[in-house]
Amino acid sequence: SRTGSISGEKEWVLFRVEKKGLDIVSMYAFPCYPRCTLCLTGDALNERVAYHRLATVHHSLGQCEMAEHFYLKALSLCSHPMEFDEETIYYVKVYCQLGDITFYDLKDPRDAENYYHFALAAAMDLGSKKSQLKICTRLATIYHNFLVDREMSLYYYQKARKFAAELNIRRLNLSPDDFYTSTTVKTSKSFS
């Protein structure tokens, strides 16, 4: 077993127990977060779920670097190339989440840009116009307001407008005030 401090405020305890061939990991976050038990086996899907849950817990605690680390570990366990649409949907969602974490919480538009590009590639592979609209809108905002690349901003804005027209959405909001807020609050609300 091992103990450590999270952000200097909360204590966590990590136990590893061998039980019937399974490696069971329990994480306790005190004082206000419930116990989260994760099962890590040789099965990549179970491991991916475990890492995804750890990422979600760390994100809800406001530990965005750890959340990013565990999301990336979860993605590393996905099959390459992707065999099913569900895997592609997972890629889109997790890379969007990573983009949101790095942009809104870690305030790093350059890394967020990269994660959104990965999400866009997966959304294009999937053929999801709604996801492409969302990602192109975020990229247009990042390029326009934070990376100050007007050419790329215009390119992604025009792509977003095209998807909005195809989806019959009349107005796109690219205000940075709507985008530049923490995602930790949003995530922690979903646990209530």
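Is E113 buried or exposed in this predicted model? With a relative accessible area of 9%, E113 is buried. The side chain of E113 meets that of R110 in a salt bridge, with 3.1 Å from N to O. R110, by contrast, counts as partly exposed, at 47% relative accessibility. Both residues belong to helix α4, where a spacing of 3 residues separates them by about one helical turn. This pair is a handy place to start, and the rest of the chain can be laid out around it.

The protein chain holds 8 helices and 4 strands. Read from the N terminus, the strands come before the helices, in the order β-β-β-β-α-α-α-α-α-α-α-α. The chain has 192 residues, and 44% of them count as buried. Its accessible surface amounts to about 11,000 Å², and carbon and sulfur atoms make up 53% of that area. Among contacts with a separation of 6 or more, 46% are between residues 24 or more positions apart.

In soluble globular proteins, nonpolar side chains tend to be buried together. Here, the largest nonpolar core contains 39 residues, and the members that touch the most others are L75, Y116 and I135. Two or more residues come from each of α1 (44-60), α2 (64-76), α3 (85-105), α4 (109-126), α5 (129-145) and α6 (150-166). The biggest share is that of α3, which gives 10 residues to this core. A closer look at L75 is rewarding: leaving aside residues up to four places away in sequence, L75 touches H80, Y90, Y91, V94, Y95 and L98. Of these partners, Y91 and Y95 appear again in an aromatic cluster, where ring pairs link them with Y115 and F118.

That cluster leads on to the aromatic rings in general. Across the whole structure, 8 aromatic pairs are found. One of them joins Y155 and Y156 in an edge-to-face arrangement, with 4.9 Å from centre to centre and 80 degrees between the planes. The two tyrosines differ in their exposure: Y155 counts as partly exposed at 41% relative accessibility, whereas Y156 counts as buried at 5%.

Charged side chains offer a further set of links. Side chains of opposite charge can pair when their charged atoms come close. The count for this model comes to 3 salt bridges, one of which is the R110 and E113 pair described above. Another brings together the side chains of R138 and D100, at 2.7 Å from N to O. Because R138 lies in helix α5 and D100 in helix α3, this pair ties together parts that are 38 residues apart in sequence. R138 is buried, with a relative accessible area of 15%, and D100 is buried as well, with a value of 9%. For the R138 and D100 bridge, then, each partner falls under the 20% cut-off for a buried residue.

The side chains of K129 and E166 also meet in a salt bridge, at 2.9 Å from N to O. K129 is in helix α5 and E166 in helix α6, so the pair ties together parts that are 37 residues apart in sequence. Here the setting is another one: K129 is partly exposed, with a relative accessible area of 38%, and E166 is partly exposed too, at 39%. Helix α5 thus takes part in the bridge to α3 through R138 and in the bridge to α6 through K129.

Turning to cysteines, the count of disulfides comes to 0. C64 is buried, with a relative accessible area of 4%, and C78 is buried with a value of 4% too.

Finally, two loop residues deserve a friendly mention for their backbone angles. V148 has a phi near 50 degrees, a positive value in a residue other than glycine. V148 sits in the loop between α5 and α6 and is exposed, with a relative accessible area of 54%. N168, also not a glycine, has a positive phi of about 60 degrees. The location of N168 is the loop between α6 and α7 (176-179), and at 64% relative accessibility this residue counts as exposed.

Key. Residues numbered from 1 in each chain as written. Predicted model: local features only at pLDDT ≥ 70, side-chain atom pairs only at ≥ 80, totals over all residues. Heavy atoms only, no water. Core = buried A, V, L, I, M, F, W, Y, C linked by side-chain atoms within 4.5 Å. Buried < 20%, exposed > 50% of the residue type's maximum accessible area, 1.4 Å probe, protein only. Contact = heavy atoms within 4.5 Å. Areas by Shrake-Rupley, 256 points an atom, 1.4 Å probe, with all protein chains shown as cover. Disulfide = S-S within 2.5 Å. Salt bridge = Lys/Arg side-chain N within 4 Å of Asp/Glu carboxyl O. Phe/Tyr/Trp six-rings, centres within 6.5 Å; stacked < 30°, edge-to-face > 60°.
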